[in-house]
Amino acid sequence: MSNTSVSGLPIGRGLIYLIIAGAAWGTAGAAASLVYRTSDMGPIALSFWRCAVGFVLLLAVRLLRPRTRTVPSEPLGRKALRAAATGLGLAVFQTAYFAAVDATGLAVGTVVTLGAGPVFIALGARLTLGERLGRGGVAAVAGALTGLAVLALGGEGATVRPWGVLLALVSAAAYSLMTLLTRKWGRDGGADAADTSLWSFAVTSLCLLPFALAEGLLPHTVDPLRLGWLVAYIAAVPTALAYALYFAGAAAVRSATVSVIMLLEPVGAAVLAVALLGEHLTAPTLAGTLLMLGSVAGLAVAETRGARREPLPA
């Protein structure tokens, strides 16, 4: 049994990449919340600047560092299709996520997005790849939906807003589609994670530009230096770095394992929301959060047990 995936990346290194990506993603929502407090920048404009600056950073790295091919070259048409599909998914995923954070708060927006994502992944894998959920998977889906209902009906004093929850679900659906495509491409071989990240950001930036212009591309702020550092951080760490690592790791590691590791983001974001941003989790919100995270963990266990019956790629 080989310890190297069909993508050419050692599985252990893929796990490390995903852990770093999940931890970095967990800081994006907190930074976005600070951007909203510092300026009148909207979620679409923030997504545009995040991807546009991220593209520039990755392009600079590519030009300055000699490139080493670790996977076979692929036709230009397939490469363009990968970039277009991933770029569109990123545009919806990031914009809907930032809008959800703006509408319903960091903790709830992140937990719903990353909690519902693995459930959508399991359902999508069943419909598109023929993978069965099993009893454990069905129970996990039911638990996650119950958790979402509890979050949406958080009661008086809760920061949960139905519109924000809906936006988070849209973000989760786009994230799931992106993950399923990355998984499929990793199995097929030939996908270059660096190319995927670079050109996906270019596609996302072009898709978001007209909407960002309509929303207001240049924000008003009384503290431009702080705003600049926040946007630069979002573009560099939870974008350029995290997505490059994510695309490489997700192509090498089983999707069930990816789902578990990505729980680092909602957990980390919830901690930052309470510790640094002064957000409060009410009892119903906390109960819904625990239901969702418990259901996702159960789903990951169910998928992992099923995956043990399948041989690893040689």
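## Cysteines, cores and surface of an all-helix model

The sulfur of C207 lies 9.8 Å from the closest cysteine sulfur, that of C51, which is too far for a bond. This separation, like every value below, comes from a predicted model. Seen from the other side, the sulfur of C51 likewise has its closest cysteine sulfur in C207, at 9.8 Å. Since a disulfide requires a pair of cysteine sulfur atoms within 2.5 Å, the count of disulfides comes to zero. The surroundings of the two cysteines can be stated as well: C51 is buried, with 0% relative accessibility, whereas C207 is partly exposed, with a relative accessible area of 27%.

The secondary structure of the protein consists of twelve helices and zero strands, and the pattern along the sequence is therefore written as α-α-α-α-α-α-α-α-α-α-α-α. Of the 314 residues, 51% count as buried, and the accessible surface comes to about 14200 Å², with 70% of it belonging to carbon and sulfur atoms. Among contacts with a separation of 6 or more, 90% are between residues 24 or more positions apart.

The largest nonpolar core holds 29 residues, and the members that touch the most other members are Y175, M178, Y243 and Y246. Helices α1 (11-25), α3 (43-64), α4 (76-104), α5 (106-129), α7 (162-188), α8 (193-215) and α9 (224-252) each supply at least two residues of this core, and the largest share, eight residues, comes from α9. A second core, separate from this one, has 22 residues, including A31, V35, M41 and Y97. As a general background to such groupings, nonpolar side chains tend to be buried together in soluble globular proteins.

Helix α2, which spans residues 28-38, is mostly covered, with nine of its eleven residues buried. The buried residues of α2 are A28, G29, A30, A31, A32, S33, V35, Y36 and T38; A31 and V35 were named above as members of the second core.

Where does F201 lie, and what does it touch beyond its neighbours in sequence? F201 lies in helix α8 and is buried, at 0% relative accessibility. Leaving aside neighbours within four places in sequence, F201 is in contact with C51, G54, F55, L58, L90, Q94, T239, A240 and Y243, so that, with contact meaning heavy atoms within 4.5 Å, this list includes both the buried cysteine C51 and Y243, one of the residues that touch the most other members of the largest core.

Two pairs of residues that are far apart along the chain can be set side by side, with the distances taken from C-alpha to C-alpha.

| Pair | Separation in sequence | C-alpha distance |
|---|---|---|
| F201 and F48 | 153 residues | 9.2 Å |
| L286 and V150 | 136 residues | 9.2 Å |

L286, from the second pair, lies in helix α12 (residues 283-307) and is partly exposed, with a relative accessible area of 39%.

On the surface, V92, W163, L166 and V170 form a nonpolar patch, and together they have about 390 Å² of accessible area. The largest share of the patch, three residues, comes from α7, while V92 lies in helix α4. V92 is partly exposed, with a relative accessible area of 40%, and this value satisfies the area criterion for a patch because residues there must have over 30% relative accessible area. Helices α4 and α7 also each supply at least two residues of the largest core.

Definitions and conventions
Residues are numbered from 1 along each chain as its sequence is written. This is a predicted model: local features need pLDDT of at least 70, side-chain atom pairs count only at pLDDT 80 or more; totals for chains, interfaces and linings use all residues. Side-chain values use heavy atoms; hydrogens and water are left out. A nonpolar core is a set of buried Ala, Val, Leu, Ile, Met, Phe, Trp, Tyr and Cys residues joined through side-chain atoms within 4.5 Å. Buried means under 20% relative accessible area, exposed over 50%, partly exposed in between (1.4 Å probe, protein chains only). Helices (H or I, at least four residues) and strands (E, at least two) are DSSP runs, numbered from the N terminus. Patches are made of residues with over 30% relative accessible area and no salt bridge: like charges are joined within 9 Å, nonpolar side chains (Val, Leu, Ile, Met, Phe, Trp, Tyr) within 5 Å. Accessible areas come from the Shrake-Rupley method with a 1.4 Å probe; for residues, only the protein chains shown count as cover. A salt bridge is a side-chain nitrogen of Lys or Arg within 4 Å of a carboxyl oxygen of Asp or Glu.
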